[in-house]
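Student: I would like a close look at one part of this model, set against the chain as a whole. Please keep it to what can be read from the coordinates.

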Amino acid sequence: MNEKFKPYIPADKVTPEMTPTSIIMGLLLAVIFGAANAYLGLRVGMTVSASIPAAVISMAVIRIIMKKDSILESNMVQTVGSAGESLAAGAIFTMPALFIWAKEGVMETPSLITITVIALFGGLLGVFFMVPLRSALIVQEHGVLPYPEGTACAEVLLAGEEGGSSAKSVFLGMGIGAVVKFVVDGLCAIQSVFTIKLEALKTEFSAEVYPALVSVGYICGPRISAYMFAGGILGWFVLIPAIVTFGGDIVMYPADVSVAELYAAGGAAAIWSKYIKYIGAGAVASAGIISLIKTLPLIVRTFVDSIKSIKTAGSASTERTARDMDIRFVLGAILVLILAIWLVPAVPVTLTGAILIVVFGFFFSAVSSRMVGLVGSSNNPVSGMTIATILIATICLKAIGDTGVHGMQGAIAIGSVICIAACMAGDTSQDLKTGYILGATPKKQQIGEIIGTIAAALAIGGVMVLLDSAYGFGSDMLAAPQATMMKMIIEGVMDGNLPWTLIFIGAFISITVEILGIAALPVSIGLYLPLELSSTIMLGGLIRKFADKKFGAQKEESGKGILFCSGLIAGEGIVGVLLAILTVLGATDAMNLSSVIPTGNVPAFILIALIGAAVYKSAMGTKNEK
C-alpha cells in the first residue's frame, strides 16, 4: 500500500490529456504497431512492447515539433497506441489456425467480420476486466508490483520533459530496418538466410539476416537468447542427427517415406518439419503448463484479491487521479459482450463456450495483469494460459458432442477471446501504471484503451488476410508457431491423430530442463522454431551481453540500444506489411533483382554483420547519451 505517493502532475492540476491530437496520433500508432507486431509474432512467435516507442514518437511530435508542453497528452498517445500491439499479439497466437485449416480444405476461410468481432470482443473484455483491478494492482501494490515497461515508459516521458533525444534512436532504427527489409524481401538483392550444410553430422547451421531477430535477442537479453539457442542446438545438432543416423530405412509416422529418403529429398529441414516440430510442440505445451503450475499460489492470491477489489470499486474518491469508469457500466458492458459472444453468428461459440470465456477470461486477465507487473510483458506466459484454455475448452466441447469443424472453430474462438483479453489486460495495467506515476486520469486512459482496441480490431482482420495471402500462415516466411501448435492440440484432442510419442518426448525434454533449474519455455521455443531464427536472436543476445559488460546491466528499458532495436522491429514490420500489399497486387515481380544480382552466403553474412555492428554501436552510445 502506498497512500502517500505523489504523481508528477498533482491531482488538483488539470492539463490536456484526451485531445484530437493525442487520439489521432494514438490511433495511427495503434494500427502501425499492431500490424508490425502481427508480422513479427507470426514470424518468430514473439512480440515486443509498443508503449515505449509510441511514447518516444508522441513526445517528439507533441513536444519538439508542435512545441507543446503536455506530458499527459503524450501519455494518452502511448495508451491508445499500445493497444494495437497487445490485441495483435493475442490474435496471431490463435486465429491463424483457422486460415491453415481453410488451406487444408477443412473449413472455409474466416471472414474479415469473424476476425474483427472476435478481436474486438476479446480486447474490450480485457480492458473492462482490468477496471475493477486497478485499485488493487496499481494503487494498493505500488512499490510491490514494478510493472517494468510501464515504469520505463513513464521515465521516458519524464526524460522528455528535460529535453531527451531518444526519438532519434527510434526513427534511425525504423529507417534501417525498413531499408534492409526492402533490399532482402522487396528487391531480393540479398538472400534472407545463409546456410552451411554439415554432411558429416547430417544437419546444417543457418541464420537469417533480418534486423528484427537481432533486436529480439538484444531486447530479451543474453540469458533468454541463450536458452532459445540451446533449444535450437538440441533440435538440429542432437535430435536431427540421431533420427537420421538411427532411422535409416525405417518409416516413422507422421512421414510416409523412410527417414533416409526424407533426408535425401529435403535435408535436415525435412526431418525438422516431420519430427522435430512435434517434439518442440510437446516441449512448449509442457513448459507452458509448468509455468502455470509454478505460479499457482500467485494465481490463487490474485484471483481472491480481484474478487475483493470489485466490492470496493466504484466507491473511489472524487480525486481526478483516482477516478475510474463507472463500475455499473463496466459490469453491464461485460454482460453484453458475453451475450454477444454467444449470440452473434459470426462468432462460432456456444453457450458453454461463453461460460468458459467468463470464467477463464477474468481469471487469466487478473493473472496476466499481476504477472506483467512482476516480470514485464515480454515474459508474460500468455501462451501457456492459452494452451491450458484450449486444452480444457476442446475437452469440454468434445464431451458435450460439439466436435468436427464447428467444435474446432469454437475451441479456437474461445482461446482467441481469452488470449486477447489476457494480453489487453496486461497492456492496460502497464499503461495505468505509467499514468499513475505521471498523474493521469484513469477514466480517460480506460476510454483511450477502448478507442485503441476498436481501431486495432478493425485493422487486424485486414492485416491477417493480407499477410496470409502474401506469405501463407504456417509457411517458412510466416511460421505462426503458437497458432500452429494450438491447431495441433485441437486436432489431437478431437481426432486422436497426434503423433503422441513425439509430443511426449518433447514434454519430457521440457521437464528435464526444468529439473535442471533452467526456464523450460524459452528452451522449448528454441527447439520448436527453425535454427535460423534462434541463431540470429543469439547474436542480438551476445551484443547485449557486451553492452551490459561495458556499462552494467541497463535497469531502464529506455536505453538507446532498446529504442534503436524497437525502431528496427517497427521499420521491418511496417515494410513487411507494405510488401505484403505489393505481393497481393502482383507488383513484387517487377522489382525482383535476384536474377540480375548474384546472391549467396557471403552477401548475407556481410549484411547480418553490419546489422550487428549497428546495434552494437547504438548500444555502446547509451552511456554517453544519458
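Student: What percentage of the 626 residues in the chain is buried? With that as background, please describe helix α16 (residues 404–438) closely.

Tutor: Residues are numbered from 1 along each chain as its sequence is written. The model is predicted, with local features requiring pLDDT of at least 70 and side-chain atom pairs pLDDT 80 or more, while totals for chains, interfaces and linings use all residues, and side-chain values use heavy atoms, without hydrogens or water.

Of the 626 residues, 60% are buried, that is, under 20% relative accessible area with a 1.4 Å probe and protein chains only, where exposed is over 50% and partly exposed lies in between. The chain contains 24 helices and 2 strands (DSSP runs numbered from the N terminus: H or I of at least four residues for helices, E of at least two for strands). Among contacts (heavy atoms within 4.5 Å) with a separation of 6 or more, 84% join residues 24 or more positions apart.

Helix α16 has 35 residues, for which 1.5 Å a residue predicts a span of 51 Å (1.5 Å times one less than the number of residues). The C-alpha atoms at its ends are 51 Å apart, in agreement with that. Because 31 of the 35 residues are buried, α16 is largely enclosed by the rest of the structure. After α16 comes G439, with a positive phi near 95°.

Helix α17 (residues 442–470) packs against α16 at an angle of about 145°, with the axes 10 Å apart; axes are lines fitted to C-alpha atoms over the stretch in contact, and angles run from 0 to 180 degrees between N-to-C directions. The crossing is right-handed, meaning that the near helix is turned clockwise from the far one by less than a right angle, whereas anticlockwise would be left-handed. On the α16 side, M424, D427, T428, D431, L432 and G435 take part. They meet P442, Q445, Q446, E449 and T453 of α17. An α-helix has 3.6 residues a turn, so residues three or four places apart point the same way.

Another pair can be set beside this one. Helix α5 (residues 112–130) and helix α13 (residues 327–343) pack at about 155°, with axes 10 Å apart. That angle makes α5 roughly antiparallel to α13, the term for angles over 145 degrees. Their crossing is left-handed. F121, L124, L125, F128 and F129 form the α5 side of the contact, and the α13 residues include F329, V330, A333 and I334.

How values were computed: Angles under 35 degrees count as roughly parallel, over 145 as roughly antiparallel, 65 to 115 as roughly perpendicular and the rest as oblique.
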